[in-house]
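Hello,

Here is the structure I promised to pass on to you. Please open it next to this email, and then read on for what turned up in it.

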Amino acid sequence: MTNTSNIRFIQGNEACVEGALYAGINFFAGYPITPSTEIAEHLAQRLPAIGGKFIQMEDEIASMAAIIGASLTGSKVMTATSGPGFSLKQEALGYACMAEIPCVIANVQRGGPSTGNPTHVSQGDVNQARWGTHGDHSIVALTASNHQDVFKMTVEAFNIAETYRTPVVLLFDEVIGHMREKLEIPERGELPVVDRLRTSVPKGVDYHPYLPREDGRLPMSDFGAEHRYNVTGLFHDMWGFPNNDPQVVSDLLRHLVDKIENNWENICFYKEHWLDDADYVLISYGSSARSAKHIARNRRKRGMKIGVLELQTIWPFPTEIVREKCANAKAVMVVEMNMGQVVTQVKSAVDHPEKVFLANRIDGQLISPTDIKTTLRMIQGKGV
Amino acid sequence: MSTNKEFDFKNYVRGRYFPHIWCPGCGHGIVLGALLRAVHELELDKNNIVMTSGIGCSSRISGYVDFHSLHTIHGRALAFATGVKLSRPNLKAIVPMGDGDALAIGGNHFIHAARRNIDITAIVMNNRIYGMTGGQFSPLSGTGKKATTAPYTTIDNNFDVVELAKAAGASFVARSTVFHASESKEYLKKAIMHKGFSVVEILSQCPTYYGRKNKEGDAATMMEGYRKNTVKIGSKKLDTNPDLIQRGIFVEDTDRPEYCEAYDEIIETAMKGKA
């Protein structure tokens with residue numbers, strides 16, 4: 001008989017919670033917002049049971065601020081939100097980029113702009129995840145199309161945050177967040193769990209909290225430990241003290257971008273389905289990738305050479321992978337639920353942008369295999 | 001509590017980061033001095049103090065002190081400090097703020113930190129103006145004042161920090177001025193040792209902007225004003241002049257549960273599987 005104690009039939013939001021717990025979360029601050037609220041609700045129950053901390057803050061800004069504060073004391077931290085809340089978090093998210101604070105932000109996307117379409121699906125925050133906060137910076141954003149992957153990407157989000165000392169955005173969507181399906185929780189050790197580097201500089205020796213090692217990583221010292229240093233959102237020197245010397249400013253900005261962009265291969269997750277001989281490549285992510293896979297499987301049965309590239313890392317955008325996988329395609333179709341946010345990236349990645357098309361849906365309904373088929377037939381010059 | 005070791009400024013500041021950015025005559029240095037003396041006399045371990053601040057002249061204080069220091073974004077220092085404190089309740093959380101930082105952009109966090117009664121010491125360094133951006137009125141300026149954004153004088157009413165903190169649930173509330181440096185130090189000592197959310201408002205002059213715009217004279221004259229215009233709580237002088245500002249400890253309530261301690265009880269319950 002198989003062991004079923006690690007099998008759940010749950011919502012995607014709960015799969016995210018399970019992934020966070022597996023990764024070692026011990027601090028969560030949040031604010032209620034549809035469709036992400038279940039993440040807060042379940043962590044409110046689960047965290048104190050393992051000695052962790054949950055706090056419902058007065059607003060989204062405060063939630064983002066609180067996790068940054070907690071992270072500096074050595075906790076593994078997360079907050080969860082959706083569109084309007086994600087907008088409110090942007091300033092503090094930029095602070096986490098600048099001060100290099102490991103943290104995870106789950107954004108279960110709903111329709112926007114503004115209050116928008118709270119209980120319905122959208123993938124409209126792709127560009128906001130990249131450029132929502134002001135100023136040049138780099139960011140990591142991951143997504144998933146099923147609960148097993150929600151779990152895995154959540155663990156990866158914590159690992160990347162701790163490795164590169166960066167905020168990581170989990171870009172889920174309402175369908176994934178609220179849909180119920182099976183999750184098999186991996187045994188301990190099956191998935192790697194990364195803890196942040198901590199400094200080995202002994203007490204009494206000058207510690208440089210913001211002097212990157214050659215590989216770009218910065219060993220941390222927890223607040224409360226022997227090294228007392230300054231953390232600021234201003235441009236700062238290797239001690240963390242404000243500095244606007246032109247060389248210091250440009251070096252720091254380049255470091256913030258390079259530490260992510262130069263490691264894109266280590267941060268790059270994707271899945272491919274039937275791409276080897278594909279004339280038609282569908283590129284999708286999140287819940288819309290489920291419909292893309294469905295129609296590709298269906299068309300394959302009818303002899304069409306079609307495959308799916310499912311993106312799991314959205315930012316940094318996997319330009320090289322997209323170019324490579326689309327090199328032999330007669331047409332590329334991006335399937336997403338927005339006005340064309342990833343398609344822009346794909347067009348600039350491939351050698352023949354004129355062969356890139358968009359199959360989208362923006363009405364709060366999950367894009368269906370039929371929707372994709374309709375666009376596919378138009379591309380092929382067939383009647384709809 | 002007093003200590004045998006004599007107070008030496010150098011033991012508490014980061015020499016590398018001086019000179020500071022404050023204008024000549026600014027009152028904030030006196031607040032810094034009072035705070036460091038308070039920490040010294042309490043014989044606190046510097047490794048156990050996290051100083052969290054937001055944005056503004058006053059907020060630069062966190063960089064100058066040799067504690068763990070977190071210089072954050074405008075208005076949100078208390079929210080950052082809440083994360084620090086709840087994550088590691090053994091650390092002392094001190095949050096110096098300016099009046100605009102604490103009560104305009106940060107007003108929501110101020111009342112909610114007070115409501116939770118989380119063990120954080122909030123110091124409101126009240127100079128009634130936005131100094132760093134060049135002299136705009138703040139929610140503590142009051143009516144009839146001049147500022148760069150109130151060339152015809154202000155019509156905005158001001159908060160009373162003490163009344164606001166009391167109403168929001170702070171369990172320790174005090175007020176002093178930089179003229180009364182020793183008194184400020186004593187209130188800060190009590191606030192830091194108080195288990196719960198403590199607020200100390202310290203009136204601090206800004207001769208550069210508030211003083212100049214409102215013809216209140218130089219730093220010494222403005223400090224002299226703090227001596228003349230303030231009295232101890234309940235002073236008889238209030239009978240003849242009710243406009244005098246009261247100094248003292250307005251609230252000191254040790255019975256209210258502190259947030260992190262209350263959460264520890266939640267953990268105990270949850271670990272027994274009772275949730």
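Below are some notes on a strand, on the contact between the chains, and on a few salt bridges.

Please keep in mind as you read that this is a predicted model.

**A covered strand in chain B**

A good place to start is strand S4 of chain B, residues 120-126, where seven of the seven residues are buried. Both of its faces are covered: B:Ile120, B:Ala122, B:Val124 and B:Asn126 lie on one side, while B:Thr121, B:Ile123 and B:Met125 lie on the other.

Which strands pair with S4(B)? One of them is strand S3 of chain B (residues 92-98), which runs parallel to S4(B) and is joined to it by six bridges. Strand S8 of chain B (residues 198-203) also pairs with S4(B) in the parallel sense, again over six bridges. B:Met125 is a handy residue to click on here: it is the bridge partner of B:Gly98, and its own partner in S8(B) is B:Ile202.

**Where the two chains meet**

Next, have a look at the contact between chain B and chain A. Chain B brings 42 residues to it and chain A brings 45. The size of an interface is often given as the accessible area lost when the parts come together. For chain B and chain A the buried area is about 3,500 Å², with 59% of it from carbon and sulfur atoms.

How many salt bridges are counted between chain B and chain A? The count is three. For an example, find A:Glu58 and B:Arg116, whose side chains meet in a salt bridge at 2.6 Å, N to O. There are also 23 residue pairs in polar contact across this interface, with both residues at pLDDT 80 or more. On the chain B side, the elements giving two or more residues are helix H2 (61-64), strand S2 (68-71), helix H3 (77-87), helix H5 (107-116) and helix H11 (259-271). The residues on that side divide into 19 nonpolar, 14 polar and nine charged.

Strand pairing crosses between the chains too: strand S10 of chain A (residues 230-232) runs parallel to S2(B), joined by three bridges. Within this pairing, A:Thr232 stands opposite B:His71.

**Salt bridges inside the chains**

Over all chains, the structure holds 37 salt bridges. Here are three that you may like to look up.

- A:Glu14 and A:Arg180 meet through their side chains at 3.6 Å, N to O. This pair links distant parts of the chain, with A:Glu14 in helix H1 and A:Arg180 in strand S9, 166 residues apart. A:Glu14 counts as buried because its relative accessibility is 13%, whereas A:Arg180, at 45%, counts as partly exposed.
- A:Lys293 and A:Glu310 form a salt bridge at 3.5 Å, N to O. A:Lys293 belongs to helix H10 and A:Glu310 to strand S13, 17 residues apart. Both of these residues are buried.
- B:Lys189 and B:Glu186 form a salt bridge at 3.8 Å, N to O. The two are three residues apart in helix H7 of chain B, so about one helical turn separates them. B:Lys189 is buried, with a relative accessible area of 9%, and B:Glu186 counts as partly exposed at 35%. Salt bridges with shared partners join B:Glu41, B:Lys185, B:Glu186 and B:Lys189 into one network.

Enjoy looking around!

Best wishes

Note on methods
Residues numbered from 1 in each chain as written. Chains lettered and ligands numbered in written order. Predicted model: local features only at pLDDT ≥ 70, side-chain atom pairs only at ≥ 80, totals over all residues. Heavy atoms only, no water. Buried < 20%, exposed > 50% of the residue type's maximum accessible area, 1.4 Å probe, protein only. Helix = DSSP H or I, 4+ residues; strand = E, 2+ residues; numbered from the N terminus. Pairing = 2+ DSSP bridges. Contact = heavy atoms within 4.5 Å. Buried area = accessible area lost by both parts, 1.4 Å probe. Salt bridge = Lys/Arg side-chain N within 4 Å of Asp/Glu carboxyl O. Polar contact = N/O pair within 3.5 Å; in protein donor to acceptor, adjacent residues only side chain to side chain. Nonpolar A, V, L, I, M, F, W, Y, C, P; charged D, E, K, R; others polar.
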